[in-house]
Amino acid sequence: MAGSTAEYYRKNPAARKRRLKQQSAYQKTNKGLRIRVNANKLNRKLGTYGNGDGKDAAHYKGSTTKGRTQSPSINRKSRLKIRK
């Protein structure tokens, strides 16, 4: 692989600006808001919210009530871009 995504966006400010704009729009959609709210709620329930363990609540079907923790790098790959 060529390198990490973080490196790419550090080296390409225009691409970073587009990405942040897209993410901001996604977080305002019903789907994005629902995912974020449920993830925060589940993180609190699992005891991983704000404790610095580096884990997230996993994004998978039915993860709003029961849950498991997952590393952020794997977990965040499951999110989709907005389709225009």
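Let me begin with a term: a residue is called buried when its relative accessible area is under 20%, and exposed when that value is over 50%. Please keep in mind throughout that what we have on the screen is a predicted model.

By that cut-off, Asn43, which has a relative accessibility of 8%, counts as buried, because 8% is under 20%. Asn43 belongs to helix α3, which covers residues 30-46, and, if we leave aside residues up to four places away in sequence, Asn43 touches Thr48, Tyr49, Lys55, Asp56 and Ala57.

Stepping back to the chain as a whole, the protein has four helices and two strands, and along the sequence these elements follow the pattern α-α-α-β-β-α. Of its 84 residues, 15% count as buried, and the accessible surface comes to about 6900 Å², with 53% of that area belonging to carbon and sulfur atoms. As for contacts between residues at least 6 apart in sequence, 21% of them join residues that are at least 24 apart.

Now to the surface, and to one question about charge: which residues gather in a patch of positive charge there? They are Arg10, Lys11, Arg16 and Arg19, and the elements that give two or more residues to this positive patch are α1, residues 5-11, and α2, residues 13-28. Arg10, to take one member of the patch, lies in helix α1, and Arg10 counts as exposed because its relative accessible area of 58% is over 50%.

So, to close with the two residues I have dwelt on, Asn43 in helix α3 is buried, whereas Arg10 in helix α1 is exposed.

Notes. Residues are numbered from 1 along each chain as its sequence is written. This is a predicted model: local features need pLDDT of at least 70, side-chain atom pairs count only at pLDDT 80 or more; totals for chains, interfaces and linings use all residues. Side-chain values use heavy atoms; hydrogens and water are left out. Patches are made of residues with over 30% relative accessible area and no salt bridge: like charges are joined within 9 Å, nonpolar side chains (Val, Leu, Ile, Met, Phe, Trp, Tyr) within 5 Å. Accessible areas come from the Shrake-Rupley method with a 1.4 Å probe; for residues, only the protein chains shown count as cover. A salt bridge is a side-chain nitrogen of Lys or Arg within 4 Å of a carboxyl oxygen of Asp or Glu. Lys and Arg count as positive and Asp and Glu as negative; His and the chain ends are not counted. The place of a charge is taken as NZ of Lys, CZ of Arg, CG of Asp or CD of Glu. Buried means under 20% relative accessible area, exposed over 50%, partly exposed in between (1.4 Å probe, protein chains only). Contact means heavy atoms within 4.5 Å.
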